[in-house]
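Q: Please take a close look at one part of this model. Start with the chain that holds the part, then go through the part itself.

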Amino acid sequence: MFDDVPFITIRDIAKQFGATRALDGVSLDLRRGEVHGILGENGAGKSTLNKVLAGVLVPDTGTVEIDGENIQLGRPKQSRAAGLAMAYQELSAPPNITVAEKLFLPKLPVRLGIVSQRKLYSAAQEVLTAWGKPGIDARALIASLNLADRQHVEIIAAMATEPRLLILDEPTASLPDTTWLFDRIRELVARGTSVIYISHKLAEIRAICDRGTVLRNGRVVKQFDPKTADERELVEYMIGRSLNQAFPDKPDRAEHQAPLVTVTDLSIAGKVHHLSMTICPGEIVGVAALEGQGQKSLFYGLAGFVKADTGSITVGSGSTPARKNFSLVPEDRKTEGLFLTLTAQFNLTISELRRCSPLGTISSRKEKKIAQGAALAVNLPSPFMTRDIQDLSGGNQQKVLLGRVVLSAPKCLLLFDPTRGVDAATKVEIYHMTREFAQQGGAVLIYSTEIPELVGLCDRAYTMYGGRINGEFGGETLTENALMAGALGHGEKVSAS
Amino acid sequence: MRIRKRKGLLIAASFVTAASLVLAGCSGGSTNTGNGSKGKIYLNLSYSGNNWQDQAANLAMSVAESPEVQANYSVQKVISGSDPQKQISDIQSMIASGAKLIVFYPISPTALNPVIKQGCDAGVTFVAYDGTVEEPCAYNVSYITGARADNPEQAFFGAQTAQGLVDLLGGQGKIMLNRGVAGTSTDIVHYDSAKAVFDQYPGIQIVTEYYGNWDSSVSQQETAKALAAHPDIDGVWSELGEDGVVKALQAAGMKVPVTGEDTNYFRKMLSQGWPGVSSGSPPASGGIAMKVGLKILADGPNSVPHDIEINLPYVTTDTAKACPGSEFVDGCNFFTNAADQFVTEVFDPALLPESSYTAAMQVAPFDKLVPLPDMSSYAQPEWRRIYTRGSCDAGWKEGPVTTGQVPPGLDGCVQA
Amino acid sequence: MKPRQSRRALSDNSKATVGIAAGIFVLLYLLLTLVSPISATSFIINNFIVLTTPLAFAASGVTLVLLIGGFDLSVAGSISLSNVIAATTMAAHPHSSWGIACLVLVMGAVIGLVNGVCVAVFGLPALGVTLSTNFILAGIALAVLPAPGGSVPAAFASVLSGTIGGTIPVALLALVGFSLLWLLFIKSRTGMSALAIGGDVKAARLSGIAVRRVQIVVYALAGLCYAAAGLYFSALTATGSPTSGSSFLLTAFAAAALGFVSFRGGRGSAIGAIFGAATLTVIPKFLFAWGIADFWVGAFQGLVILVALTIPWLTTKIAGLRKRDGEEVTVGSGPTQSISAMAETA
Amino acid sequence: MQPVNVQPSDGSGSAVLAEHSTTSRLATIKTLLQPVLGKLAVPAVWALVLVMIPLSRLFSSYFPSWSLVSNTITLGLFLTVISFGQGLVILSGGIDLSVPSVIAVAAFFTGSLASSGWATIPAAICGVAIGSLIGLVNGLIIARSTFPPFIVTLAVSTIGSALLLGISAGKPGQTAPSGLSSLFDGSLSIAGIPFSAVLLLLAILVGSWIQFRTRLGRRTYAIGNSPQAAVYAGVRVRITLVMVYWLAAIGYGIAGVLLMGYGSGSDLNLGATWLLPSIAVVVVGGSSIAGGNGNYLGTVGAALLITIIGIDINAVGLSQGFKQALYGAVIFIALVLGRLGRGRE
């Protein structure tokens, strides 16, 4: 209903971080009231783009104009003044403030510099009701909210400013369903707001967006009309190679081998309820689930970092201590995996120091040899060994983590969203390494936010909902729709053939 | 994880509470809380943990716990530490608990004035030993402006030891100064009076000054550093910690005159021919201050002068003499088997004759207290008042003192 | 006295901790009055409050900086310098003492500003910067006044440490006034931003908070508090001493710990720190009255600090138990609370 | 080698956000400077030490002299041994305020055991062991709880000092056993080189061996860098932290015994003057005060540097005020250089 003269023009935004070019001349046009979908894999440059637009990151080159008026990038104040609002994927709300404060930050309603409590809470409650979430208490601390509500608050905080350009980065990661979000977007759009909708879920983009763009390795590779675009073709643009040859071919199903890992009736601190599963040697088993369904407690429980209330975990013959048999690649590289200011070699050998220090003293010769071995296994170029790990790209960092895990030669490898924030080429390498590990008789349990990845890589997959397994799929039954349905909670208990 | 963590912290918490109960139990007995009827006397230390403080406190307690005092007074020792707020708080508590007499080592000459004033108004007697306080209503018992027993004109530790060093060097040579704790008035009094003497001899050149913090170990380290820069020095003037100075000189294989205070090791070296002068602050002042306090309680506030000067000890290489046993007999002034850092001036023939090595090492109540002689001869002359009270008496004004005091020309009070 | 607000009010847990800190102090002081009845007289109470005030201001300054996840060791140097400058200038111009007091406060704020700029703009580690400024300030104080001296006119000193109409201690008014200012601050935009920064500085920056500006303001306000502590100390002792601040370095942090201020930022109140300072001041009196005045006093002070540390942990445990059925508290994309808590070291 | 301060990948956890660098020109200079400065911190400190020796000529006509070097070595030895412990604790992300009380406890018990008949070596070992108990208690509390090390070490050391005061009933003076004082009275020097040079070399070797070449050292780096990642890398955080604080206290105890030997006697305030220099030296030595990276060789260099500066100041007899202000300035400069070296934290 608005004229189709471009309202927002983004001209060749580029941003380089050390070795990698995160954004390589991205240009986009948006009309008033348009919902523009940006599709791309993890690591394609989506979040970097919106942090540049939000003024939190300074681009090397590039300009942005809203309604003809140029915005000075690199100043959050300018971007906000120009009518731009952001809902970040990693939920930008400090845990110790209240919902009301988050809704009005950074412009808290003040009288003579003082924020009047009464006014703040009543205004906030009005906003919450206006945007369809009266259930959330404006006085509650962010930390006391569940993930879904926290995502609601994040989105409402952005929408409530009636922005001219609203950017949503993976908005449905923790939402149970999309109806609430899509209704609000349609209301805003009717009032002339343009929306950039960033996601790696094609179904959502098809449902809400007018136009779409595919980003890969920081470059615009495809403009498409979401309604008519062919899914398989889009996915190939996303991952830049034909879908099937991305994943190593699966072995034919080894029938009735004795399971290497058996988990019986496991429950953990209100997160995992009476869960049982098995993994056979040489098998890659996947777990599909929405955010916060207890998969994290499951993986960290198996790795021995979370104490189980009930149930047992047995590996091979006896139930030997968890740490020896399981090795975990944690979810968030930067805070849980890596020692950023230390060298790649340090990060590689930290878990296996015992083998490098025969008589209590670490011999640099032995350590170098072991590190080289691991680097070879994950084909990490050896000159990287002496560089600080923070100087390496996301992909190489993930390889170092994998190298560390391979070094400790576990019986079962636990991968928690291993390809998050990794460039496409490295993803393929990771898939092949995982398959090689399995072929050598090891068991692999992998959780991923990307359903196609699970379908392509795993021999079998479970879906989890509310801390319970509600579906097991293998062979022909292992399809994206089946996994998505299971993950969304309405898959019935299907046993694999 | 949650369960393991809680169990761990329970252990920490129980450990802490258990320790506190143990302490409460065993500490109850160690100090005798005064009962209602007897008057209350408090001995209040600020610094603690060095030999001087420990010996002075033992002598004071030996006096206070003698039978004749225990008959009508109970005494309690309070250690306040080096935080002025803490000493103020403790003195307030003593006043509140109805103290009659507070014998104390002030952390600062000025910080306690308001609280002492409050105490005096409430009828409490304050007697400060070694360190002095400017509040007029308190009594000062200190050697800082004291004169030598044999010659009342030769006053000020700093000046006399400086003069001694000059005489040993024949008025010529390079010297170093080892001062005490920076920022304290005691250090300033010693330093200024010594400087006044050195400035009168052009041949004497002060090559450097450093701070030994009245501590043997720090003095030894700082002296070693200074010797590296000035291996050609001819003498060292030092405050407390001079045994560290001697050890540093010995390590550097040098034997030059040293003047300092009265540690056992220094006097032992003097007696073995090391050139120098041992003067300095006598821990006996603790015992003397307690006796002065008791006299005030017995004979009233004017029975003793408000400003009491203890004689300045003065031991040279020839007069240093080892005591045979643990008693002070015929002029002996140190003990061969005592620890290096033992402070020797625990005996004053006139004011604390009951004193002994054992009473200084641990509290040994004196069975018979020798009454104090007429204290008027120990009154501080008016012209030295400014050093301890920060200002001159009525009718006097600040000015150089030219007569009646050696060396002439030191700052002081003169008739207005 | 707490306004009836729903449990999940802005700082429900910091209101609870302030309540507990106040409770501990009141309990100890009541015990004190039992053991030595004289402590209940208004004269002694005034003495006590005047004695607590310098430490209360110092602890509040330290709390401000701890709130935003920073650290400030320059508390000792600033107090010494303020005390020395006040005593020397007031000795020279006794009649303009109030003007000099304001100048000293401004000087304190400027010192804090310098700390803030070094930390916020140059990104230097707070512990390192304030360690060096502490040395520099202590050195200047020694240079200005080599030995205790100077004087604070009786008019200035007696007002601050006296009482109005014989009963209401001026110091109490000062502390109550400061607490009101604190309540205003914590409700102001800067105050709320400071709390948010302490919670998670990255999230605060993403939420559009001007992190640098708030950090600089907070360090400056802390400097102001230290100058106020220095001034009150001058009134208490009526003179200046070059090393007067050195004991505050450790007692200020101990008081903050007794006031249940979190050392990792994002939680804590200056009012809690003020009660922490009061508790720290009542302990020696309590031990004195109980007859423990000898060598063991230091042991008790150390024990009290350790016990104080376990109490906030106990309250969160109790709060945790009450919320047993509630959803496990997960922090954004980070691991579940129980996992991070185990590995967290300050 | 390009320093990177923001992760190129997006959507992966909360990326570290770049400050708005003012002009790009300044940014390029900084990117060139950073790698050079980063690796240069340690050699720079040692270069300064060597430069200070001829430079000391300015302070006294007798410098540079052999006695300057031997004094630097002897006095530097104490700071080197103490800053090993403090450095290890800071590397693990904490800070240790119990230095003075451990030194005093170790010296006191060594002295009292020796004077009651024990031979020097067993007395010293027992003294150090008793002193290190304070470090053990520190470690146990810090490892088992989330209390801040600053306050825990403060509280535990206050208790330790008070217990010592109580046990010694205020009678702190201890004479050093003869064996100990012979270490420093020049009788053991080999060809004029003071024995403390041998001790210093030993301290450097053992210290860097522990920090760089043992599993404990590696794990301390890991914990200081990120306690979270250390847990998931299979590092037993708790036991390592207990060992770090215990080992640090053993270091302070040894320094206490050496100090007692040097001064052939001690009192309860023996350790008072060593706390703040031990922290300053770790900062000047290029280690990050927040933990996670640091180099003991840099700390040793800084210990010698600060000792030489102390000697030069002492030679000229500056006032205490100026000395402290200069001390603060030296730390500040080291911080700024360290900051440039590390680029964005």
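A: What follows sets the scene with the whole chain, then turns to one sheet and the helices on it.

The model is predicted, so local features need pLDDT of at least 70 and side-chain atom pairs count only at pLDDT 80 or more, while totals for chains, interfaces and linings use all residues. Residues are numbered from 1 along each chain as its sequence is written, with chains lettered from A and ligands numbered from 1 in the order in which they are written.

First, the chain. Chain B has 13 helices and 18 strands. These are DSSP runs, numbered from the N terminus: helices are H or I with at least four residues, strands are E with at least two. The C-alpha atoms of chain B fill a box of roughly 70 × 65 × 45 Å along the principal axes. The radius of gyration of chain B is 23 Å, which agrees with the value near 22 Å for a compact globule of 416 residues. That radius is taken over C-alpha atoms, and the globule rule is 2.2 Å times the number of residues to the power 0.38.

Of the 416 residues in chain B, 59% are buried. Buried means that 20 or more other C-beta atoms, placed from the backbone, lie within 10 Å of the residue's own. Take the contacts in chain B between residues at least 6 apart in sequence: 67% of them join residues at least 24 apart. A contact needs C-beta atoms, placed from the backbone, within 7 Å.

Now the sheet. In chain B, six strands form an open sheet in the order 2-1-3-4-5-13, with parallel pairing. Strands pair if DSSP finds at least two bridges between them. Strand 2 (73-79) and strand 13 (307-309) of chain B are the edges; each has a single partner strand, so one side of each lacks a neighbour in the sheet. Neighbouring strands are turned by 15° against each other on average, direction ignored.

Zoom in on one pair. Strand 4 (125-129) and strand 5 (139-142) of chain B run parallel and are joined by three bridges. Val127(B) stands opposite Tyr139(B) of strand 5.

Next, the helices. Helix 2 (51-64) of chain B lies across strand 1 (39-45), strand 2, strand 3 (99-104) and strand 4, at about 170° to strand 1. Helix 4 (84-96) of chain B also packs on the sheet, touching strand 1, strand 2 and strand 3, and its direction makes about 155° with that of strand 3. Angles run from 0 to 180 degrees between N-to-C directions; axes are lines fitted to C-alpha atoms, for helices over the stretch in contact.

Key
A residue is buried if 20 or more other C-beta atoms lie within 10 Å of its own, exposed if 12 or fewer, and partly exposed in between; C-beta atoms are placed from the backbone. Two residues are in contact if their C-beta atoms, placed from the backbone, lie within 7 Å.
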